[in-house]
Amino acid sequence: MTDTIIKIDLSKTAYDHDNVHNRWHPDIPMVAKVKPGDDFIVECFDWTGGQIKNDDDASDVRDVDLSQVHFLSGPIAVEGAQPGDLLEVDILDIGAFTEQQWGFNGFFSKKNGGGFLDEHFPEAQKSIWDFNGIYTSSRHVPGVEFAGILHPGLIGCLPSRDMLDKWNTREKELFDTDPDRTPTLACLPYAPTAHMGRMQGDDKAAAAAEGARTVPPREHGGNCDIKDLTRGAKIYFPVYVDEAGLSVGDLHFSQGDGEITFCGAIEMAGWIHMRVNLIKDGMAKYQVKNPIFKPSPLVPKYDDYLIFEGISVDENGKQHFLDTTVAYRQACLNAINYMELFGFSRAQAYAIIGCAPIQGHISGVVDVPNSCATLWLPTDIFKFDIKPNANGPTKFLDGSVDIPLAPDLD
């Protein structure tokens with residue numbers, strides 16, 4: 001029987017757990033140890049550490065303390081791992097806790113985190129999604145049900161001292177180009193809410209002051225939010241410290257490519273079953289700078305899509321040069337505009353492309369001045385036909401249900 005090597009208690013805060021941390025630092029002590037070939041289970045908080053509740057009030061999303069996130073379970077020592085190795089991680093299974101069969105999706109206020117389309121959705125909103133086996137649906141977004149692609153949004157190994165210094169230096173240089181920008185250009189170290197696992201005293205204080213925030217993906221993996229890292233996937237992580245220091249968290253029940261709404265997946269607390277192995281000197285052998293992964297053979301089977309195109313011309317008509325971010329934003333807006341014709345509110349349509357297993361593609365980057373990005377929306381997730389026809393669109397929803405909104409406080 002597989003051992004659960006990291007357990008959490010949802011009735012306590014993440015800060016009450018010494019097997020959890022929310023910063024990256026090479027000196028965070030290991031909390032468990034495994035050998036190559038071992039498989040094991042790790043329990044995880046949701047990424048906010050339980051700040052979001054299962055209700056119809058979005059004020060918790062509006063007021064969420066983003067300086068606390070993400071709460072990760074670990075680090076886990078892998079016997080024999082050394083800098084320069086590749087840590088091979090097989091994701092064998094993932095699930096929600098039996099007592100918490102629900103997750104949440106949120107749009108953050110532009111004043112507190114923002115999101116990919118925060119110019120169009122500047123205030124906080126929240127939808128709750130209930131799990132029914134492999135399927136999910138929401139009382140706040142009627143008319144859709146889909147199979148989830150459960151995956152960890154955040155997984156990686158501890159950085160070396162040199163790598164930590166590199167991260168902090170380059171992100172501070174970017175931040176300093178516009179320090180008053182909202183949302184911020186980079187999330188710099190912030191000691192007051194740092195949770196450094198089992199570190200104590202002066203060592204803890206020093207590490208908290210320089211520990212890298214978990215917000216972005218980096219060379220070690222981290223917050224990559226790749227929806228295809230589901231059960232059956234394999235990941236090859238660069239190792240930067242002795243014993244690797246594998247940590248994991250930010251579990252998602254489902255997500256569209258890009259995690260478009262920022263809190264853009266269906267976030268959940270739960271458990272993940274993994275197996276590890278080592279490839280000695282693998283970084284040099286395979287010229288690995290960032291993780292490599294093999295996708296799972298087990299994915300929801302959606303074969304029919306409506307594909308929305310976007311180009312490097314923004315919603316105000318301004319031309320950009322081969323800007324794939326602008327192009328993908330336009331593809332998202334085009335999909336939202338389309339779904340609105342069938343009775344979805346704009347917020348519901350935004351939540352759908354954040355939560356459902358949509359595909360995002362960079363379809364062209366060579367034809368100046370426009371990149372082409374596409375958003376693939378599976379039609380089978382809808383309980384009615386949304387495909388174009390000669391009779392025009394039908395409004396199947398009456399607008400009586402929408403996603404709760406919490407206006408910004410003055």
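In this predicted model, strand β10 (residues 135–138) pairs with β11 in the antiparallel sense, over 3 bridges. The two strands form a hairpin, with 2 residues between them. Thr136 has Phe146 in β11 as its bridge partner. Strand β11 itself, residues 141–147, is mostly covered, since 5 of its 7 residues are buried.

**The chain as a whole**

The hairpin strands belong to a chain whose secondary structure comes to 6 helices and 24 strands. The radius of gyration is 21 Å, close to the 22 Å that the globule rule gives for 410 residues, so the chain is as compact as a globular protein of that length. Of the 410 residues, 55% are buried. Contacts between residues at least 6 apart in sequence join, in 80% of cases, residues at least 24 apart. The table collects values for the whole chain.

| Property of the chain | Value |
|---|---|
| Span of the C-alpha trace along its principal axes | about 65 × 50 × 50 Å |
| Accessible surface | about 17300 Å² |
| Part of the accessible surface belonging to carbon and sulfur atoms | 50% |
| Radius of gyration | 21 Å |

**Helix α5**

Helix α5 covers residues 324–340, which is 17 residues. From its first C-alpha to its last the helix reaches 24 Å, close to the 24 Å expected at 1.5 Å a residue. At the start of α5, a side-chain oxygen of Asp323 comes to within 3.0 Å of the backbone nitrogen of Thr325.

The buried residues of α5 are Val326, Ala327, Tyr328, Gln330, Ala331, Cys332, Leu333, Ala335, Ile336, Tyr338 and Met339. In an α-helix there are 3.6 residues a turn, so residues three or four places apart point the same way. What do the buried residues of α5 pack against? Their partners are one helix and three strands: α6 (346–355), β21 (305–311), β22 (359–364) and β23 (372–378).

**Gln68**

Gln68 has its place in the loop between α1 (59–62) and β6 (72–78). Is Gln68 buried or exposed? Its relative accessible area is 17%, and buried means under 20%, so Gln68 counts as buried. Leaving aside neighbours within four places in sequence, Gln68 is in contact with Tyr15, Asn22, Arg23, Thr48, Gln51 and Thr193.

Notes: Residues are numbered from 1 along each chain as its sequence is written. This is a predicted model: local features need pLDDT of at least 70, side-chain atom pairs count only at pLDDT 80 or more; totals for chains, interfaces and linings use all residues. Side-chain values use heavy atoms; hydrogens and water are left out. Helices (H or I, at least four residues) and strands (E, at least two) are DSSP runs, numbered from the N terminus. The expected span of a helix is 1.5 Å times one less than its number of residues. Buried means under 20% relative accessible area, exposed over 50%, partly exposed in between (1.4 Å probe, protein chains only). Contact means heavy atoms within 4.5 Å. A polar contact is a pair of N or O atoms within 3.5 Å; within protein, one must be able to donate a hydrogen and the other to accept it, and residues adjacent in sequence count only if both atoms are side-chain atoms. Two strands pair if DSSP finds at least two bridges between them. The radius of gyration is taken over C-alpha atoms; the globule rule is 2.2 Å times the number of residues to the power 0.38. Accessible areas come from the Shrake-Rupley method with a 1.4 Å probe; for residues, only the protein chains shown count as cover.
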